Amino acid sequence: MDTIADFIANFTTAVDFQDPVELRAQSVLVELPEWDSLAALGVIVMCDMEYGVTITGSDLKGCNSLGDVFALVAARKA
Amino acid sequence: MAQALLANIRFAGLASCVPRRAVSNLDCAPEKRLERERLVRNIGIQTRRVCETGQAFSDLAERAANELIAGLGWAKGDIDALIVVTQSPDYVIPATAIILQDRLGLAHTTLAFDINLGCSGYPYGLYVLGSMLSAGCIRRGLVVVGDKSSNPESLDNGLLSLFGDAATVTALAHDESAPRMYFDFGSDGSGYEAIIIPAGGQRVPLRPEHLERLPGKDGIPRKGTDVILDGPAILNFSIREVPPAVEALLAFAACSRDQVDYFVFHQANRMINETIRRKLALPAEKVPASLHDFGNTSSASVPVTVTVRLREALLSGPRRLLMSGFGVGLSWASCIVDLDRPVLSPLIEA
């Protein structure tokens with residue numbers, strides 16, 4: 001499993017932010033400038049293709065922060 | 001496992017018809033431009049063809065059918081079967097296929113009925129018609145496939161930017177020298193809510209309040225008769241089911257990837273289609289797309305892609321296609337079909 005820094009880099013690409021955003025594990029998903037349905041699809045694809053992990057829309061709704069998504073993927077990959 | 005092969009069926013021709021009216025997803029207020037560019041970049045859809053008010057799916061189908069019949073040189077009295085695969089019928093009842101029998105001037109001896117399927121519908125239509133033709137009693141048939149999925153009145157931006165309208169007509173003929181066609185089918189009704197029009201059927205009969213827009217769980221106001229899409233559920237389903245179904249079909253047909261000239265997938269959105277392509281390790285040049293110019297045209301998306309992207313290649317010599325549809329139901333189906341210079345009309349605009 002990647003480090004959180006690698007995961008954040010992949011997450012940033014997957015969401016396709018319009019403007020540069022500085023992300024941390026503590027970043028709250030719903031406060032991100034482009035946390036919308038398109039971003040959710042991008043993150044689901046990224047988790048599948050980069051980590052071989054299936055996450056659902058409900059999984060993402062249950063995550064508060066970017067670190068929560070990382071922990072979920074790490075747990076499923078373990 | 002629902003797999004099947006069909007013998008004695010020749011893919012005789014195909015015509016696709018789209019509305020003349022083109023709508024751009026980049027046609028927006030300047031302050032929305034960057035947001036729309038991000039949308040287009042990710043879903044891969046810039047332009048869609050949208051029916052005018054009053055223009056029905058069957059109007060596109062009628063135009064395509066008449067052009068195809070003329071191109072084939074078939075006498076209308078020799079067409080034995082007409083199947084319509086759509087979720088955009090002219091009426092709740094009767095079936096659109098029967099109305100089209102009359103509008104096309106086909107004989108009263110024509111077999112005609114509808115099949116209620118969306119994005120997975122093209123392989124199903126080929127299989128049902130092909131099954132009837134295989135024995136040879138019924139010799140020639142048409143399968144009309146497509147939908148009018150656009151809903152310009154919708155307040156759901158995700159939906160508005162996705163769907164285009166199209167109708168296609170494919171002609172099959174009994175021919176004992178034709179190579180076999182191979183099919184693989186799947187259904188998962190547990191996901192029926194992922195793409196749904198909730199009101200207007202027997203389960204939730206239409207009431208006056210269904211014609212008012214009320215906020216859904218996502219806050220978007222919708223009528224009860226509007227389509228609701230669960231994007232993440234559709235994505236999860238598509239990338240879970242389609243790649244192994246394609247692999248299973250290739251194994252069933254004892255066919256390698258290299259023996260397939262083109263893989264034509266339902267045009268869902270760029271993220272779904274690219275993920276399926278990458279999971280199957282298919283080179284981009286063997287996976288044609290029509291998303292950018294026509295959007296998601298439901299069950300018509302596979303034959304529309306064949307018309308607009310493969311016509312020249314198919315007219316130049318025999319080609320093997322693997323075609324795969326997936327979506328509402330949840331339902332999916334794939335087929336391997338050999339085409340030997342069929343009649344292929346250029347794209348029709350109506």
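How many residues of chain B are in contact with chain A, and how many of chain A with chain B? In this predicted model, 17 residues of chain B touch 18 residues of chain A. The two chains bury about 1,500 Å² between them. Chain B has 350 residues, and chain A has 78.

**The interface**

- Carbon and sulfur atoms make up 61% of the area buried between chain B and chain A.
- Three residues supply 38% of what chain B buries against chain A: B:Arg38, B:Asn236 and B:Met271.
- No other three residues of chain B supply more of that area.

**Chain A: overall build**

- Chain A is built with 4 helices and 0 strands.
- Its order along the sequence is α-α-α-α.
- The radius of gyration of chain A is 11 Å, and the globule rule gives 12 Å for 78 residues, so chain A is as compact as a globular protein of that length.
- The C-alpha trace of chain A spans about 35 × 25 × 20 Å along its principal axes.
- In chain A, 49% of the residues count as buried.
- Of the contacts in chain A between residues at least 6 apart in sequence, 54% link residues at least 24 apart.

**Chain A: surface, charge and one buried residue**

- Chain A has an accessible surface of about 3,900 Å², with 49% of it on carbon and sulfur atoms.
- Chain A carries 4 positive and 12 negative side chains.
- The centres of these two sets in chain A lie 9 Å apart.
- A:Phe7 sits in helix α1, residues 4-15 of chain A.
- A:Phe7 counts as buried because its relative accessibility is 0%, under the 20% cut-off.
- A:Phe7 and A:Glu34 are 27 residues apart in sequence, and their C-alpha atoms are 18 Å apart.

**Chain B: overall build**

- Chain B has 9 helices and 18 strands.
- A compact globule of 350 residues would have a radius of gyration near 20 Å, and the 19 Å of chain B agrees with that.
- The C-alpha atoms of chain B fill a box of roughly 60 × 45 × 40 Å along the principal axes.
- Buried residues make up 53% of chain B.
- Of the contacts in chain B with a separation of 6 or more, 77% are between residues 24 or more positions apart.

**Chain B: surface and charge**

- Chain B exposes about 14,500 Å², and 52% of this comes from carbon and sulfur atoms.
- Chain B has 35 positive and 38 negative charges.
- The mean positions of the positive and negative charges in chain B are 3 Å apart.

**Chain B: helix α7 and the loop after it**

- B:Arg277 belongs to helix α7, residues 270-279.
- B:Arg277 has 16% relative accessibility and therefore counts as buried, as the cut-off is 20%.
- Leaving out residues up to four places away in sequence, B:Arg277 touches B:Leu282, B:Pro283, B:Ala284 and B:Val287.
- B:Ala281 lies in the loop between α7 and α8 (291-294).
- B:Ala281 is not a glycine, yet its phi is positive, at about 55°.
- B:Ala281 counts as exposed, with 61% relative accessibility.

**Chain B: the loop between β15 and β16**

- B:Val328 and B:Leu330 both lie in the loop between β15 (319-327) and β16 (331-339).
- B:Val328 counts as buried, at 15% relative accessibility.
- Among residues more than four places away in sequence, B:Val328 touches B:Gln87, B:Gly118, B:Cys119 and B:Ile195.
- B:Val328 and B:Ala194 are 134 residues apart in sequence, but 7.3 Å apart from C-alpha to C-alpha.
- The peptide bond between B:Gly329 and B:Leu330 is cis, with omega about 0°.

**Chain B: other backbone features**

- A cis peptide bond also joins B:Ile93 and B:Pro94, with omega about 5°.
- B:Pro94 is in the loop between β5 (81-85) and α3 (96-103).
- B:Arg341 occupies the loop between β16 and β17 (343-344).
- B:Arg341 has a positive phi, near 45°, and is not a glycine.
- B:Arg341 is partly exposed, with a relative accessible area of 48%.

How values were computed
Residues numbered from 1 in each chain as written. Chains lettered and ligands numbered in written order. Predicted model: local features only at pLDDT ≥ 70, side-chain atom pairs only at ≥ 80, totals over all residues. Heavy atoms only, no water. Helix = DSSP H or I, 4+ residues; strand = E, 2+ residues; numbered from the N terminus. Rg over C-alpha atoms; globule rule 2.2 N^0.38 Å. Buried < 20%, exposed > 50% of the residue type's maximum accessible area, 1.4 Å probe, protein only. Contact = heavy atoms within 4.5 Å. Areas by Shrake-Rupley, 256 points an atom, 1.4 Å probe, with all protein chains shown as cover. Lys, Arg positive; Asp, Glu negative; His and termini not counted. Charge placed at Lys NZ, Arg CZ, Asp CG, Glu CD. Buried area = accessible area lost by both parts, 1.4 Å probe.
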